[in-house]
Amino acid sequence: MSSFLALVDSGTSAIPPWSIIAPIGLTALNASHHSSVIPPLSRIATFILPALNASPQSLPAHASYFILADHDSSVNLDDVVSWLDDGADKVVVPLAWANELVGLLPAERLVLLLDVANVSAVPDKLRAGVSAVLVKTPAVDPDLVSTISRFFTGSAIYVQSTSSTPPSPSIIRQVKDSGATLLISTSQLTTEQSSSSLLNIADAFLAPVSSDRPDGLFPTVVSSFLQGGKSLGLVYSSAESIKESIMSGKGVYQSRKHGLWRKGETSGATQDVVKIVLDCDSDSFEFSVIQHGTGFCHLERASCFGHLSGLPALEQTLQSRLESAPEGSYTRRLFNDPDLLHSKIMEEADELCRAENEEQVAFEAADLIYFALTRCVAAGVGIADIERSLDKKAKKVTRRSGNAKPQWSSKPLTKDTAQSSQPVPALPVSDGPIRMRTASLIGISSSSRAELLKRPVLRSDEMIAKVRPIVDSVRTRGDAALLELTAKFDKAQLQSPILLPPYSAQSMELPGNVRAAIDIAYANIYKFHAAQTDGAPLVVETTPGVVCTRFARPIARVGLYVPGGTAVLPSTALMLGIPAQVAGCKEVVLATPPRPDGSISPEVMYVAKLVGASAILMAGGAQAVAALAYGTESVPKVDKIFGPGNQWVMAAKMLVQNDTDALVSIDMPAGPSEVLVIADHTANAAFVAADLLSQAEHGVDSQVVLVAVNLTAAHLAEIEAEVDKQAHALPRVDIMRESVSKSLIVQVGSADEALAFSNDYAPEHLILHIERAPDAVAKVQNAGSVFVGAYTPESCGDYASGTNHTLPTNGYARQFSGVNTQSFQKHITSQEITREGLEKLGPVVATLADREGLGAHANAVRIRLRA
């Protein structure tokens, strides 16, 4: 962790103008002391480089940096992408830029630059689209910083004071305690002793640090920078030793018996300090070092924790053999004969691709890595160089197409598949087995866990822009626009967009078994939703003579959107129409797209009759939503719109609910359909696979997650085999092939861990294939609907069990309920106060009104008390 961030001031051409984010804060340098301040800061800080004259190549080799775009110009996406591709950890952008960049670039790479006066004006979309906020303020107020931290929950907070005076160590500590990190101009930092105008770098770094030991020392882990962070040993540090290490770049520690310990001073096993990192509790450190000589341990070993293993050990062996392998030996031949080494690498790569089981894959991968690392060592490249290249690749936001080069591709390379630096769509999924991706929560970092919880970004702002002309056309031109759009999109030529009861018997002719199935579903759903109604009004006497009441009233006019056209969805008509009927809504307008012949499916017509729909709007898409929201010559305006739909429908619902002219609300935001299944050793593999596929078939963007509780490899393989077998036997296999390939198996160690992951994910549908499933329901905090036990398929909730299938998606189950009877009601409160009640309550009310400066409120009470 970092104590501060360091912002580098613009200097002369001889001095790179940059900023630095350091463990203590942010700092900025000027030309006069740049050369002395930058090297020690690089060990404890991240630099921030002003975009107009950034020169990251001038930074020390292992330094990290942000780009600060605070100049006056319009956003240039190519520039921002270039900064990130070139190695910047993050880009700091002003509010005007962020509006255009959020959604296009990963949130973890964007920092929002704000003036303190604009903090509360940031919309939710921007807060969710950045990973951090840099706030400029004339003076540092820790209380204000705490408030800002609460407003931007989950984001890192950086604070830059525009004051010319450096912050005190106390201020640095208070800001850190409030959950933020201070930015300090490097012109306010020095390698010399602190003064009123300059703050010593080490003093700034150590400001928030405190020891919990009686001797005041800090436990310090020493790790090898060149060997992937391998632990070398545990030592102790003091403020004095840390200061010397920061300034000298050498490993200096504190012996509990002998004082300062300058590592290697007598043995020659010195250390170059690359990074010094403060832990999350600010009471211990990690020194990342390059170790020289015989090693860190006094036993002349690389590590106090034993000999190297894995890749670092292999690298060390190969480096030794490069120097000493005898002539004619196999290893010497590999180093001396590039053609032989090339052949071995290609041979092992081919064998790895042909490996068929876990053991073979591991064996062949080890062989390939051996020869690949031999090639690296021969070229003077180490593991640290490879990791640095991987880190740089990971920072790139531009993605290549991913196509193989012509000599390795089974298909000829064309201009359509040629490598491009531009983002490309996902490649078509092959005809191979239908498989899910796999991840494990065991030992995973919090950031990686957060990635598993993410859904695809929904570009609602783009869709709203697309539907706006359609909505505006219906709002201004009414039925004429509605009929034109229905002819265009649904290929139906209508004389009128509306059907009114009584509905003809011919329009709802159905086979007997279908009608019976609808009747049973209707009865079950009605029974469950009727039980949800409020009975008698809630009446509470809060104080003698003061009676407060709450009572329910139906929303007078509701619109129910039922997707249709070529599909037949009577279930959605039931799920929306029955709670509206139970609630007592006076006008129920059911909107559904007509078929090309102008008719409505008889199943939906029959449900419309059952639920008492007062009108049927024969239109779909954004045009139907607009007609419900604003009304037309023939379509009644409604007060609330319910129902699922595609992205056009959802964008139109979001648009009209924010238009005060429409004065209409909607049921909930919505995204692609989703299911999360929790399965343990008791789970039937075929049942689990069937439940996963029941949601995967909805669309290629369906979200399907299996949380596996201590499942064996064999059990998981059985589930995956069932997914593949069942999908191939179902009619929507092409859709499922694509949606399943994007879906996820998450392996966890316990049912409690699985439920915690599910609560964070907040799925639309949660299915419990676990031992004692009913007991687990008490631990469910966030879900649209829960399906308990092996014999409770989600399909029953979709059609006929009685619960509603219109549910929150995309994580909105944290805030929203599924559609229910009370969704179609509003609750009104009333109060009745007697004179005696007012005599008791009135003085309280008057006192509070006076306190708030609302004299008329107080007068309304006192005039009665005096009467």
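Strand pairing and aromatic contacts

User: Which residue of strand 18 does Ser224 stand opposite?
Analyst: In this predicted model, Ser224 stands opposite Val289 in strand 18.

User: How do you know that strand 13 and strand 18 are paired?
Analyst: Pairing requires at least two bridges between two strands, and 5 bridges join strand 13 (residues 218-224) to strand 18 (residues 285-291), the two running parallel. That requirement is met, so strand 13 and strand 18 count as paired.

User: In what order do the 4 strands of the open sheet lie, and what makes strand 14 and strand 17 its edge strands?
Analyst: The order is 14-13-18-17, with mixed pairing; strand 14 (230-237) and strand 17 (271-278) are the edges because each pairs on one side only. Neighbouring strands of this sheet are turned against each other by 25° on average, direction ignored.

User: How many aromatic pairs does a search of the whole structure find, and why is the pair of Phe151 and Phe152 called edge-to-face?
Analyst: The search finds 13 aromatic pairs. The ring centres of Phe151 and Phe152 lie 5.0 Å apart, with the planes at 85°; centres within 6.5 Å make a pair, and planes over 60 degrees apart count as edge-to-face, so both conditions are satisfied.

User: Why is Phe152 called buried, and what is the status of Phe151?
Analyst: Phe152 has a relative accessibility of 1%, and because buried means under 20%, the term applies to Phe152. Phe151, at 27%, is partly exposed, since this value falls between the cut-offs of 20% and 50%.

User: Why is the pair of Tyr522 and Tyr526 called tilted?
Analyst: The planes of Tyr522 and Tyr526 stand at 35°, with ring centres 5.8 Å apart; an angle that is neither under 30 degrees nor over 60 counts as tilted, so that is the class of this pair. Tyr522 and Tyr526 are 4 residues apart in helix 17 (residues 512-530), a separation of about one helical turn.

User: Is Tyr522 buried or exposed, and why is Tyr526 classed as it is?
Analyst: Tyr522 is buried, because its 18% is under the 20% limit, whereas Tyr526, at 33%, lies between 20% and 50% and therefore counts as partly exposed.

User: What makes Arg127 a charge over the ring of Phe151?
Analyst: Arg127 lies over the face of Phe151, at 4.0 Å from the ring centre, which is within the 6 Å allowed. Lys263 likewise lies over the face of Phe296, at 5.0 Å from the ring centre, and Phe296 forms one aromatic cluster with Tyr253, Trp261 and Phe287.

Note on methods:
Residues numbered from 1 in each chain as written. Predicted model: local features only at pLDDT ≥ 70, side-chain atom pairs only at ≥ 80, totals over all residues. Heavy atoms only, no water. Axes fitted to C-alpha atoms, helices over the stretch in contact; angles between N-to-C directions. Phe/Tyr/Trp six-rings, centres within 6.5 Å; stacked < 30°, edge-to-face > 60°. Buried < 20%, exposed > 50% of the residue type's maximum accessible area, 1.4 Å probe, protein only. Lys NZ or Arg CZ within 6 Å of the ring centre and 35° of its normal.
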